[in-house]
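Here are some short exercises to work through with the model open beside you. Try each task before reading its solution.

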Amino acid sequence: MKIQEAYDIVERLQNKSSSKSQIKIYTSFLQILEKLKGRDFSTEEIQAIETKLDNLTLTSPLADNKKHFGKIIKDFKEYLKENHSLITAGYYSSLGVSMGGAFGVVLGVLFGERFERSSGIALGVSIGMLIGLFIGRHMDSVAVAEGKVL
């Protein structure tokens with residue numbers, strides 16, 4: 001399936017939908033497809049993307065199901081990241097915040113023994129998320145400079 005064909009199918013699904021959450025999901029997939037249309041790919045890369053679009057079963061009866069279509073988008077984003085090194089905007093920032101929060105809990109427990117335990121955990125999570133955000137923003141800017149962001 002060509003990228004334009006997939007775009008048309010998702011656009012039809014979006015126009016038929018009345019649920020705001022479904023429309024939001026369709027819009028995010030349309031944005032990804034739109035940005036893919038504007039990129040220069042080799043013939044092999046285009047064929048690989050089109051093969052993946054064929055495998056996504058956008059025309060199945062479940063395609064208008066929000067949960068099913070969310071899985072389709074997640075699978076397609078993962079494919080683009082692994083095979084073409086393409087990520088969505090803010091990917092590293094969200095990853096950095098979540099990882100920073102997780103490591104912050106550990107640091108908060110370790111250093112929280114000097115303070116009240118809950119204050120140490122709260123401080124550790126806050127500092128960890130802040131550091132993760134800064135690192136993620138830096139990595140996002142590097143990815144934008146390298147042209148790897150959709």
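## Exercises around helix H4

Ser85 lies in the loop between H4 and H5. Keep in mind that this is a predicted model.

**Exercise 1. Find out what is unusual about the backbone of Ser85, and decide whether Ser85 is buried, partly exposed or exposed.**

Step 1: Start with the general rule. Most residues other than glycine have a negative phi.

Step 2: Now look at the phi of Ser85. The value is positive, about 55°, although Ser85 is not a glycine.

Step 3: Turn to accessibility. The relative accessible area of Ser85 is 37%. Partly exposed covers the range between 20% and 50%, so Ser85 is partly exposed.

**Exercise 2. Describe the surroundings of His84: which helix holds His84, is His84 buried or exposed, and what does His84 touch?**

Step 1: Place the residue. His84 belongs to helix H4, which covers residues 66-84.

Step 2: Check the accessibility. His84 has a relative accessible area of 14%; because buried means under 20%, His84 is buried.

Step 3: List the contacts, leaving aside neighbours within four places in sequence. His84 is in contact with Glu45, Ala48, Ile49 and Tyr79.

Step 4: Look for a polar contact. The side chains of His84 and Tyr79 are joined by one of 3.2 Å.

**Exercise 3. Work out how helix H3 is arranged against H4.**

Step 1: Recall what to look for. Two packed helices are described by the angle between their axes and the distance between the axes.

Step 2: Read off both values. Helix H3 spans residues 43-55, and its axis comes within 11 Å of the axis of H4, crossing at roughly 155°.

Step 3: Interpret the angle. Angles over 145 degrees count as roughly antiparallel, and H3 and H4 are therefore roughly antiparallel to each other. Their crossing is right-handed.

Step 4: Find the residues that make the contact. H3 supplies Glu45, Ala48, Ile49, Lys52 and Leu53, while H4 supplies Asp75, Phe76, Tyr79, Leu80 and His84.

Step 5: Sort these residues by class. The contact of H3 with H4 has six nonpolar, one polar and three charged residues.

**Exercise 4. Do the analysis again for helix H2 and H4.**

Step 1: Take the angle and the distance. H2, residues 20-37, packs with H4 at an angle of about 25°, and the axes are 10 Å apart.

Step 2: Interpret the angle. That makes H2 roughly parallel to H4, because angles under 35 degrees count this way. H2 passes H4 in a left-handed crossing.

Step 3: Name some of the residues in the contact. Among them are Gln22, Ile25, Phe29 and Leu33 of H2, and Phe69, Ile73, Phe76 and Leu80 of H4.

Step 4: Count by class. The contact of H2 with H4 has ten nonpolar, four polar and two charged residues.

Step 5: Look at Gln22 of helix H2 in its own right. Gln22 counts as buried, at 16% relative accessibility. Its side chain makes a polar contact of 2.9 Å with the side chain of Ser17.

**Exercise 5. Which residues does Tyr92 touch, not counting those up to four places away in sequence?**

Step 1: Locate Tyr92. It sits in helix H5, residues 91-111, and is partly exposed, with a relative accessible area of 24%.

Step 2: List the contacts. Tyr92 touches Ile87, Gly136, Met139, Asp140 and Ala143.

Step 3: Set sequence beside space. Tyr92 and Asp140 are 48 residues apart in sequence, and 5.6 Å apart in space, C-alpha to C-alpha.

Conventions. Residues numbered from 1 in each chain as written. Predicted model: local features only at pLDDT ≥ 70, side-chain atom pairs only at ≥ 80, totals over all residues. Heavy atoms only, no water. Helix = DSSP H or I, 4+ residues; strand = E, 2+ residues; numbered from the N terminus. Buried < 20%, exposed > 50% of the residue type's maximum accessible area, 1.4 Å probe, protein only. Polar contact = N/O pair within 3.5 Å; in protein donor to acceptor, adjacent residues only side chain to side chain. Contact = heavy atoms within 4.5 Å. Axes fitted to C-alpha atoms, helices over the stretch in contact; angles between N-to-C directions. Parallel < 35°, antiparallel > 145°, perpendicular 65-115°, else oblique. Left-handed = near helix turned anticlockwise from the far one by under 90°. Nonpolar A, V, L, I, M, F, W, Y, C, P; charged D, E, K, R; others polar.
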